[in-house]
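Take a look at the model below. We will walk through a few of its aromatic rings and one place where two helices pack.

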Amino acid sequence: MMYQISLYAIPTIIFLVAVRKYRERKWGKCQNTVKLNGKVALVTGANSGIGYEIAKELAARGAHVILACRNLEKAIAAAAEIRKSLQNNPVLEPLELDLSSLRSVQSFAKIVNEYEFIHILVNNAGVAYPRNQRLQSIDGFEMHFAVNHLGHFYLTTLLEKVLVRSRARIIVVASSLHEKGRLDLKAIRNLEFEEGENLYANSKLANVYFAQELARRFKKSMNVHAVCPGWVYTNLFRHSFKWYHCILMVPVAFLYMRTAKQGSETAIYCATEPSLDEETGLMYKDCKKYNSKTIFYDKIATQLWDESQDMVNSCINQD
């Protein structure tokens, strides 16, 4: 019996491993070895997952890396872990940033604006909750929109002067799931969403529109790149998956799911690749341009920017 099982199991395992290796060859890998000595990089959500791997690689290249994380203790622990793994005595600065709170974003920006330059800003942090949950941020905004888009929007605009002075590269970690999203600004403002609506996908669509509008407004003073990291094994979807999902998804995940390191490659590429100096406002996946199925409209990008600014103003100025 065991012999018969092994007779089928071993070839199956070999086949799956071969398919996995074949797929991995198609996933982009940042090939450049650009050094970042003297550069300052800021990575949100840097204590785990993709953000951790981005911060680690930028530090390995010599950058002074600010780890902006919701939990300061985890940020400190991540910085310590990176220091232990690198031999170049990296400069790492863990700071607290809760993107679900515009007040926290404001306080964080006051500290970071003391820097003369910020050469790289990676807007990476994000949340994902089950579709049947309708959570609100401390400021009363839908949680996906608040963390994945609005907090990063506010942070980036608050750092405008130092980013322009640095001619910075802005990396917006989005997702190809933006193609399943919709951007109804009235619904976002009034918290009126359809039952089962994919609010995570909506926030990723907002990410791409934000990157496009930011690129248009600052075309001559910064480079903006939207990034899809692929389907990555991180704790982003920890709120959505149950233990039995893991069992059911193992075969699919083995073939399609990337490690956090693999998922970080395109963001690192966009943050460091010299050939992108003249490109801005585009989206990338697997370290190359990504052609979205979504039709984008400049008018919607402008409306999102204006509505985001109104939301921030209404919250910050209410005192």
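What follows moves from ring pairs to a helix contact. Keep in mind that this is a predicted model.

Start with the rings. The structure holds four aromatic pairs. One of them joins Tyr209 and Phe296. Their ring centres lie 5.1 Å apart, and their planes meet at 80 degrees. Planes over 60 degrees apart count as edge-to-face, so this pair is edge-to-face.

Where do Tyr209 and Phe296 sit in the chain? Tyr209 belongs to helix α8, residues 199-217. Phe296 lies in the loop between β8 (288-289) and α11 (298-316). The two residues are 87 residues apart, so the pair links distant parts of the chain.

Is each partner buried or exposed? Buried means under 20% relative accessible area. Tyr209 has 3%, so Tyr209 counts as buried. Phe296 has 23% and is partly exposed.

Other rings form a group. Phe153, Phe210 and Trp305 are linked into a cluster by ring pairs.

Two members of that cluster, Phe153 and Trp305, also appear in a helix contact. Two packed helices are described by the angle between their axes and the distance between the axes. Helix α5 (residues 143-158) packs against α11 at about 85 degrees. Their axes are 10 Å apart. Angles of 65 to 115 degrees count as roughly perpendicular, so α5 is roughly perpendicular to α11.

Which residues meet there? From α5 come Phe145, His149, Leu150, Phe153, Tyr154 and Thr157. From α11 come Leu304, Trp305, Ser308, Gln309, Met311, Val312 and Ile316. Nine residues of this contact are nonpolar, four are polar and none is charged.

Technical notes. Residues are numbered from 1 along each chain as its sequence is written. This is a predicted model: local features need pLDDT of at least 70, side-chain atom pairs count only at pLDDT 80 or more; totals for chains, interfaces and linings use all residues. Side-chain values use heavy atoms; hydrogens and water are left out. Rings of Phe, Tyr and Trp (its six-membered ring) pair if their centres lie within 6.5 Å; planes under 30 degrees apart count as stacked, over 60 as edge-to-face and the rest as tilted. Helices (H or I, at least four residues) and strands (E, at least two) are DSSP runs, numbered from the N terminus. Buried means under 20% relative accessible area, exposed over 50%, partly exposed in between (1.4 Å probe, protein chains only). Axes are lines fitted to C-alpha atoms, for helices over the stretch in contact, and angles run from 0 to 180 degrees between N-to-C directions. Angles under 35 degrees count as roughly parallel, over 145 as roughly antiparallel, 65 to 115 as roughly perpendicular and the rest as oblique. Contact means heavy atoms within 4.5 Å. Ala, Val, Leu, Ile, Met, Phe, Trp, Tyr, Cys and Pro count as nonpolar, Asp, Glu, Lys and Arg as charged, and the others, Gly among them, as polar.
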